[in-house]
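Me: I am new to this structure. Could you take me through it step by step?

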Amino acid sequence: MSYIGIIITYVFIQNFILVQFMGLCPFIGVSKNSESAVGMGMAVTFVTAVASVVCYAVYTYLLVPFGLEYLETISFILVIAALVQMVEMVIRKMSPALYKALGIFLPLITTNCAVLGIAIINIDEGYNMLESFFAGLAAGLGFTLAIILMSNIREKLDTTPVRKVFRGVPIAFISAGLMALAFMGFDSSLLTNLHLV
Amino acid sequence: MSHMKELTKGIFRENPTFIIMLGMCPTLGVTTQVFNAFGMGASVLFVLLGSNIFISALRKVIPDSIRIPAYIVVIASFVTIVEMVLHAFVPAVFNALGVYLPLIVVNCIILGRAEAFANKNTVLDSALDAVGMGIGFTLALSLIAAIREIIGNGTITLFNLSETQRFVITIPGLSESPVRVLTLAAGALLVMGYLKAFFTWNSERRAARGGRV
């Protein structure tokens, strides 16, 4: 599959939040205003892209030669945890405002399914290093797209009368469901029609 | 008596899925069939039980500053065990759960219980807490899966190991013209939204009556 094909697949067709449900916790938690949604999206994109490459390298050059493929889950989660720690330190140094806005959700990227998910999917799909990088980047971009759209919807929802029991999380889930309905329009036949397979 | 409370609180009052809202990804990802929900629930129950017991037993040994990485390693080890066992003995379940199986590592329920409960309580209480939370999680998953499968496909799959070893209840009327969208991604999010609203309504109604919430 071409690189553009991979990007379209993970941004639209297999959108991590709306189709695969990976990374729902930060999606619901951080999408209350668009500023922190952008920050969260950028942090996740950076981590998924780097983690894809690093996990691919760990798997191919460390686990496979020693026949330790069964350690995949443990080694990937440790690599990701270390990476997130590093990103956290960089953001705290570079932009204290962003660090304040993301608050407790930055350490939570470690337990964000999207990061571990894309690392495992890369291995399952048999991507090479560059393809893994693009898949990770696209997964992060898809996450960012969905969380930014969602934060705009939720900012509008704040000024809309919603029944009391539906306020907050329930209406966010239902809005996400309607968005997922729209994303169903992106289908794998899109790739065939664009001659990207 | 207090031991019993640790066990039952996870099932209703502090249900991990509907009240605390943890571990959403597998909840929505695998609930297209009731049988998948059982498989996921059992896997999470096992990992939760193992990690809670282990972490509770080691709670005085693990230094505070590196507790999170230590917890993650313990959890990842148990997930690897589950992966290998399922792969070897029930490959049908292994394939149905797919990428969501290794993702149990990052399921917030397990790390959440380790951090909030197991590192402060005794081994027995932690084990009971894990069993309660695991059952609560399994019940929640089964409820969502049942709603999605009944309306979306008109069937209830209770058992599905292979083409010959399966037990599927077909609901007349619905199975001919099911509401397909509920088995798709959008349906999962919609069902979750309505269920969450229902549980909010339910707990508010109980609070208004002055009863125990």
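Me: In β2(B), which residue is the bridge partner of Ile156(B)?

Reply: This is a predicted model, so every value here is computed from it. Strand β1 of chain B covers residues 155–160, and strand β2 of chain B covers residues 166–170. The two strands pair, and within β2(B) the bridge partner of Ile156(B) is Ile169(B).

Me: In which sense do strand β1 and strand β2 of chain B pair, and over how many bridges?

Reply: β1(B) and β2(B) form a hairpin, with 5 residues between them. Their pairing is antiparallel, and the number of bridges is 5.

Me: How much area do chain B and chain A bury between them?

Reply: The size of an interface is often given as the accessible area lost when the parts come together. Chain B brings 36 residues to the contact, and chain A brings 33 residues. Carbon and sulfur atoms carry 85% of the buried area, and the total is about 3,000 Å².

Me: Which three residues supply 20% of the area that chain B buries against chain A?

Reply: The whole interface buries about 3,000 Å². On the side of chain B, one trio supplies more than any other three residues. The trio is Cys25(B), Val106(B) and Leu189(B).

Me: How many salt bridges does the rule find across the interface of chain B and chain A, and which residues form a salt bridge there?

Reply: Over all chains the count is 5 salt bridges. One pair crosses between chains, from the loop between α7 and α8 of chain A to helix α8 of chain B. Its closest N and O atoms are 3.6 Å apart. The interface count is 1, and the pair is Lys164(A) with Glu204(B).

Me: Is Lys164(A) buried or exposed?

Reply: Exposed means over 50% relative accessible area. Its partner Glu204(B) is at 33%, so Glu204(B) counts as partly exposed. Lys164(A) is at 56%, so Lys164(A) counts as exposed.

Me: What kind of ring pair do Phe166(A) and Tyr194(B) make?

Reply: A pair of aromatic rings is described by the distance of the centres and the angle of the planes. There are 15 aromatic pairs over all chains. In this one the ring centres are 5.7 Å apart and the planes stand at 85 degrees, so the pair of Phe166(A) and Tyr194(B) is edge-to-face.

Me: Why does the pair of Phe166(A) and Tyr194(B) join two chains?

Reply: Phe166(A) is buried, at 19% relative accessible area. Tyr194(B) is partly exposed, at 47%. The pair joins two chains because Phe166(A) lies in the loop between α7 and α8 of chain A, while Tyr194(B) lies in helix α8 of chain B.

Me: Which residue lies over the face of Trp201(B)?

Reply: Trp201(B) belongs to a cluster linked by ring pairs, together with Phe18(B), Phe198(B) and Phe199(B). A residue sits over the face of Trp201(B), at 5.0 Å from the ring centre. That residue is Arg205(B).

Me: Which residues do salt bridges that share partners join into one network?

Reply: Arg67(B) meets Asp64(B) in a salt bridge, 3.9 Å from N to O. Arg67(B) also meets Glu115(B), with 2.8 Å from N to O. The shared partners make one network of Asp64(B), Arg67(B) and Glu115(B).

Me: How many residues apart in sequence are the parts that Glu115(B) and Arg67(B) tie together?

Reply: Glu115(B) is partly exposed at 25% relative accessible area. Arg67(B) is partly exposed too, at 22%. Glu115(B) lies in helix α6 of chain B and Arg67(B) in helix α4 of chain B, so the pair ties together parts that are apart in sequence by 48 residues.

Me: Leaving aside its neighbours within four places in sequence, which residues is Phe134(A) in contact with?

Reply: Phe134(A) sits in helix α7 of chain A. At 21% relative accessibility, Phe134(A) counts as partly exposed. With neighbours within four places in sequence left aside, the contacts of Phe134(A) are Tyr3(A), Ile6(A) and Ile7(A).

Technical notes:
Residues numbered from 1 in each chain as written. Chains lettered and ligands numbered in written order. Predicted model: local features only at pLDDT ≥ 70, side-chain atom pairs only at ≥ 80, totals over all residues. Heavy atoms only, no water. Phe/Tyr/Trp six-rings, centres within 6.5 Å; stacked < 30°, edge-to-face > 60°. Helix = DSSP H or I, 4+ residues; strand = E, 2+ residues; numbered from the N terminus. Buried < 20%, exposed > 50% of the residue type's maximum accessible area, 1.4 Å probe, protein only. Lys NZ or Arg CZ within 6 Å of the ring centre and 35° of its normal. Pairing = 2+ DSSP bridges. Contact = heavy atoms within 4.5 Å. Buried area = accessible area lost by both parts, 1.4 Å probe. Salt bridge = Lys/Arg side-chain N within 4 Å of Asp/Glu carboxyl O.
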